[in-house]
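Hi there,

Here is the structure I promised to pass on to you. Please have a look when you have a moment, and find my notes below it.

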Amino acid sequence: MMLNQFLILSAFLFCTGIYGVLARRNGVLVLMSVELMLNAVNINLVAFSAFRASVEGQVFALFVITIAAAEVGIGLAIVLLIYRNSRNSDLDNIDQLKG
Amino acid sequence: MLAEYNAVVPDVAFWIIAVAMGLAAIRVVTTKNIVHAALYLVVVLAGAAALYILLTAEFVGWVQVLVYIGAVVILFLFGIMLTRAPRTDTDLDNNQRWAAAIVALFFMGVLIVLLVDAFGAKHIVLDDNLQASGRLTADFVKHGHNGQVVRPTVGSAIFQQYVLPFEAISMLLLAALVGAVALARRD
Amino acid sequence: MIDYAWVIPLVPAISFVLILFFGKRMKYKGAEIGIAAVGASFVMACIVAGQWIAKFHHAPETGVKAVTHAGLWWQNGGQKITAGIQIDGLAAMMMFVVTLISLLVHIYSTAYMHDDRRYTYYFAALSLFTASMLLLVVADNTLLMLCGWELVGLCSFMLIGHWWEEEPNSNAALKAFFTTRTGDVGLLIGVVLTWFMVKAATGRGSFNIVAVNKAALGGKVSHTLVLVCASGLLIAIIGKSGQFPLHTWLPDAMAGPTPVSALIHAATMVVAGVYLGARLYGIFWSGFSIGHGGVNVMAAIGGITIIIGAVLAFVQRDIKKVLAYSTISQLGYMVMALGVGAWTAAIFHLFTHAFFKALLFLGAGSVSHSGSHHSFDMKEDMGGLRKYMPQTFTTFVIGAIALAGIFPLAGFWSKDEILVTANQGSYDVFLYVGLVGAFLTAAYMTRCVYLTFFGEYRGHGHPHESPPAITVPLWILAFFAVVAGILNAPHVDLFKKWINPSSVVGRTVDPELIHHIFARFTEPTFDTTAATISVLIALVGIAIGALYYFGDKGPHGLTQRSGAAKVGYTFLENKYYLDHLYTDVIVGGVKGPIANASYWVNQHVIDGVVNGAGKGTSLLANFTYDVLDRKVVDGAINETANATGWVGGRFRGLQSGKVQQYALVLFGAVGLASFVLALVYVVS
């Protein structure tokens, strides 16, 4: 197997994630797109781990999975707060920082 | 013959998984139904788990299944229900869709050019040849009874060399737990 | 036992957890666990002290080595960080003082805090407080000391704000926390630098106290590094030990329960700073060139603190605040003593001060508990309590005399030693500062005793003597306040044999470093003249105070009659306006006073200049107005303003407040940047 087939798949997933983060209006969907990006990173890590025949990549993939779980927890709590304050979870409404 | 077989099967499996993942990923960010998005996300996550197993990272693969598909997706579904997101087809995108698409495609273009340039001819050599290649990280090589090299395990790496980051992450999880409760509770 | 001294902080730490989890279900709501744990620690501390003293019986002339044990704490990046204990005379003495006073405070609190709504929580916090201070004391490296130091700060925050339902109390707790935290920045810098100091001296970094002191004294490290490190640590001491100008938190900390004040002032919180100074004395010694006489920052800050603290104690109505300012002043003595090279004297004063200050605070608590109906106001609610509370009165007066430094009580010996060292170590200025401080101390304590115990009872309660749980600790402390000073009296000289400055390098005498330290460490000889003078000065202070208050002599009503005196009084009542400086000027921002000042300057100075000049040049002005101003300058200014407004209007759209739009720009920019980098990479 080529190393690049994994890396390019990962790049594709990452960019899909970027598109989702930028274009989706709903907070939950934005978080899902972030998960896509994190998974892309993990595929990279595991692919390099296999390529270099060392376990470090896998260890860090595990760390990333853990952090992603924490991130989803906090992120959903924030989305929930947004929903409670504005009765929907659209990120468009959150523009109090408008200059 | 067998070696050839071994070389082809993973490739075929990869391409099936990759195409499924790519399509599902596109659907995650384009579907008009938010519940469907979550279900497509499951496909992507499961595909990633399959790729890990393909790359002989079985442990990471199963953790991916347990944590992501088992917990994170459920969290998402809870989030969808708690925020009373519309379950029917609605326009879920904001008005910068085209700009976002351009940025993402541009990004991908740059990445692919760089990747092809950097790793164009590199192959992944899997398990069987590891011992012969002699590239095992010396720290984790253990010798069995008769001196043969035993494949290092993820567990010993986490609990030996990376025990401090591991503990730090456990603190982070605790903080996230407390933080999520503090943020989300009604008072 | 001395090899297992780490058990001493461990026991109260365990007690903290036990009280927290099981305290409420116990018969005495957790107090018994705390008392048992601290009692056990006290017994162990006595054994350790005994074993340390026993070492001197068979000691060769080169001295006794500190007992050290260390294990691997953690390692990262190939650097091994160890943690362990270093038990020497200083640590043994501190453990004895901390556990003794903590034990007495525990016992006292069972009566004083009776029926408190957070009784169990209070005892848990006391246990943790004791444990943290003991950790700081036994620590053999600066990093572990930092842990103990921060824990002490946290616990004092918890206890000062014990009655947080009332806003002043929680504000006081926050103030204590933030003010000491300001100093802790210095500590953090200092601790980090200790590592590099050892690295510069030996090639291998370490936080070990002995190694740090040796590195600082050894002369291989650049003086700038040592000076910066010493300055950082001095800032930490200023914050923690209530030195000028960060002393403002200490009087406010009186918001906590009185036994906590006793603990904070005598044994745990504020002496942590002085202890740090003594432990890492090598750094200060060579950083501030203490051996060379003259004036250095450390001694100067101590000296200033002595005077401002003592003066402020005169205008307080609250008995606890008198004692708080007295503590500030006495801590000034200790820091000044460290600054003039009187290491032993500073530690000795810490030792004796612990007893009589704890005694005075617990006495004040007893007065408020049983005499003045939970008030601390000497002018409104006290007076004449001598008749009702004879035991509290007797012990309080013993404490006051000891504090004033009257022969032969504890305070006399330790204060005298500081003054003598300042005198004999060519620090004459500080001798006079110390003498003035002694005079003021004697006088304000006379005022305090008079207002509390003499005259007519002015309160509205039914004063009576306190229960034994309060009076017994008072008597024990009174005993120590009387006899503790004898330990270092001339011809006894036990204290300076057991505890002396060489412990900074791990043993009593280190041949390698002897000429660095001891050549200029003046171990003072007792000087009868100086001692007589200091006692006389204190007696004069008492006499003047007594004449003024008891005999009703002297210029009474001065503040009503004399404008200058009134201004001075107001100045003192407002604590030199330091709090105003911090909250109104520094924290409150520049808008108030500075804006007013600039308005004034505008109105008076600039307008005046403009008016004067304006008249003379109005002809010329009229001419230039039309040509130059209107057309050239105004035009330029207007155009600039228009252009700025136009650019602002364009860019305003970017600040939409929409996160995703920001993210779009972010990713676009990153993409472009990587594209450019890739281009450069491909081309080259």
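To start with a single residue: in which helix of chain A is the place of A:Asn4? It sits in helix α1 of that chain. Please keep in mind throughout that this is a predicted model.

With a relative accessibility of 7%, A:Asn4 counts as buried, because the cut-off for that class is under 20%. Leaving aside residues up to four places away in sequence, A:Asn4 touches B:Leu115, B:Val116, B:Phe119 and B:Gly120. For B:Leu115 there is also a polar detail: its backbone oxygen lies 3.4 Å from a polar atom of the A:Asn4 side chain.

That residue leads on to the interface of chain B and chain A. Here 90 residues of chain B and 69 residues of chain A take part in the contact. About 7200 Å² is buried between the two chains, and carbon and sulfur atoms give 75% of that area. On the chain B side, B:Val29, B:Phe76 and B:Ile124 lose the most area to chain A, together 9% of what that side buries.

As for polar links, the count between chain B and chain A is one salt bridge. A:Arg24 forms a salt bridge with B:Asp93, and their closest N and O atoms are 2.7 Å apart. The rule also finds 15 residue pairs in polar contact across this interface, both residues being at pLDDT 80 or more. Several helices of chain B each supply at least two residues of the side that touches chain A, among them α1 (2-30), α2 (34-54) and α3 (58-82). The largest share, 13 residues, comes from α1(B). By class, that side of chain B has 65 nonpolar, 14 polar and eleven charged residues.

Now for chain A and chain C. In this pair, 14 residues of chain A are in contact with ten residues of chain C. The two chains bury about 1000 Å² between them, 60% of it on carbon and sulfur atoms. The rule finds zero salt bridges across this interface, while two residue pairs are in polar contact, both residues at pLDDT 80 or more. On the side of chain A that touches chain C, α1 (3-23) and α2 (27-52) each supply at least two residues. The largest share of that side, three residues, comes from α1(A).

Finally, chain C itself has 30 helices and two strands. Of its 684 residues, 54% count as buried.

Best wishes

Conventions
Residues are numbered from 1 along each chain as its sequence is written. Chains are lettered from A and ligands numbered from 1 in the order in which they are written. This is a predicted model: local features need pLDDT of at least 70, side-chain atom pairs count only at pLDDT 80 or more; totals for chains, interfaces and linings use all residues. Side-chain values use heavy atoms; hydrogens and water are left out. Contact means heavy atoms within 4.5 Å. Buried area is the accessible area (1.4 Å probe) that two parts lose on being put together, summed over both. A salt bridge is a side-chain nitrogen of Lys or Arg within 4 Å of a carboxyl oxygen of Asp or Glu. A polar contact is a pair of N or O atoms within 3.5 Å; within protein, one must be able to donate a hydrogen and the other to accept it, and residues adjacent in sequence count only if both atoms are side-chain atoms. Helices (H or I, at least four residues) and strands (E, at least two) are DSSP runs, numbered from the N terminus. Buried means under 20% relative accessible area, exposed over 50%, partly exposed in between (1.4 Å probe, protein chains only). Ala, Val, Leu, Ile, Met, Phe, Trp, Tyr, Cys and Pro count as nonpolar, Asp, Glu, Lys and Arg as charged, and the others, Gly among them, as polar.
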